[in-house]
Amino acid sequence: MTVKGTTQSPKILAWDVETSYLLTAVFQRFLTNAIPFSSVTQDWFMFCAAVQWLHEDKIQLISILDDKKRFDKDFTDSYYVIKTLRDLIDEADILIAHNGDHFDWKKFKALLIKYKIAPPRKPILIDTYKESKTAQFTSGKLGDLAIQLSLPHKAHSEPGDWLMATLPYGTYRVGSKKIVV
């Protein structure tokens, strides 16, 4: 495959973004129609992304911690992650992500708008989740697909892992587990 109008191979970037929980204050867990935006106590933010150019071994982690000044001022500030991703995506001819069309690209686009960052030229998007749905696997989840296809995969995370990565410092309870951040 070559880039249209050239003889060079396309630049292919695999990416995955990680976002925080949306925190809300509600009076009950069940029988709620919709949670009003006024009940959101902390909006979601993108705390990191991982990218890898195809045919390169190096995986680059982009984190809100990479810009210490912004992080110290507001730990939910995703500007550095979005700006860095934007510059990398602008170089790509093809972008690959699992559930990327429905999640990663839309979250990325929302934060481009929020931070008033010019969008990159849009590459061809390949969504491995959509591709997995063209076959009848038992599960389309990335980790499950890796197991079904005998590919290397990461261990599943616990709910507390997410909380520790996305909440302000404090003490929280997840089920019967107490978590200190």
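# Cavity, core and loops

Author: The largest cavity has a volume of about 40 Å³. This is a predicted model, in which local features need pLDDT of at least 70, side-chain atom pairs count only at pLDDT 80 or more, and totals for chains, interfaces and linings use all residues. Residues are numbered from 1 along each chain as its sequence is written, and side-chain values use heavy atoms, with hydrogens and water left out.

Reader: What makes this space a cavity?

Author: On a 1 Å grid over the protein atoms alone, a cavity is a set of points where a 1.4 Å probe fits but cannot get out. Grid points are joined across faces, edges and corners, and the volume is the space filled by probe spheres set on the points. A search of the whole structure finds 1 cavity of 30 Å³ or more.

Reader: Which residues line the largest cavity?

Author: Its lining (residues with an atom within 4 Å of a point) consists of Trp15, Leu95, Ile96, Ala97, Gly100, Asp101, Trp105, Leu125, Ile126 and Asp127. Strand E6 (94–97), helix H3 (100–114) and strand E7 (124–127) each supply at least two of them. Helices (H or I, at least four residues) and strands (E, at least two) are DSSP runs, numbered from the N terminus.

Reader: How many lining residues are nonpolar, polar and charged?

Author: The lining divides into 7 nonpolar, 1 polar and 2 charged. Ala, Val, Leu, Ile, Met, Phe, Trp, Tyr, Cys and Pro count as nonpolar, Asp, Glu, Lys and Arg as charged, and the others as polar, so Gly is polar.

Reader: Why is Trp53 called buried?

Author: Buried means under 20% relative accessible area, exposed over 50% and partly exposed in between (1.4 Å probe, protein chains only). Trp53 has 15%, so it is buried. It is found in strand E4. Leaving out residues up to four places away in sequence, Trp53 touches Lys11, Ile12, Leu13, Leu88, Glu91 and Ala92, where contact means heavy atoms within 4.5 Å.

Reader: Why is Ser63 called buried?

Author: Its relative accessible area is 11%, which is under the limit, so Ser63 is buried. Ser63 is found in strand E5. A polar atom of its side chain lies 2.9 Å from the backbone nitrogen of Leu65.

Reader: What makes a set of residues a nonpolar core?

Author: A nonpolar core is a set of buried Ala, Val, Leu, Ile, Met, Phe, Trp, Tyr and Cys residues joined through side-chain atoms within 4.5 Å. The largest one has 28 residues, of which Leu13, Trp15, Ile82, Leu85, Ile89 and Phe108 touch the most other members. The largest share of this core, 6 residues, comes from E4. In soluble globular proteins, nonpolar side chains tend to be buried together.

Reader: What is unusual about phi at His55?

Author: Most residues other than glycine have a negative phi. Phi of His55 is near 75°, a positive value. His55 lies in the loop between strand E4 (46–53) and strand E5 (60–63).

Reader: Is His55 buried or exposed?

Author: His55 has a relative accessible area of 79%, which is over the upper limit, so it is exposed.

Reader: Why is Asn99 called partly exposed?

Author: Asn99 has 24% relative accessibility, which falls between the two limits, so it counts as partly exposed. Asn99 also has a positive phi, about 65°, although it is not a glycine. It is found in the loop between E6 and H3.

Note on methods:
Polar contact = N/O pair within 3.5 Å; in protein donor to acceptor, adjacent residues only side chain to side chain. 1 Å grid on protein atoms, 1.4 Å probe; cavity = no way out; pocket = protein on both sides within 12 Å on 5 of 7 lines; lining within 4 Å.
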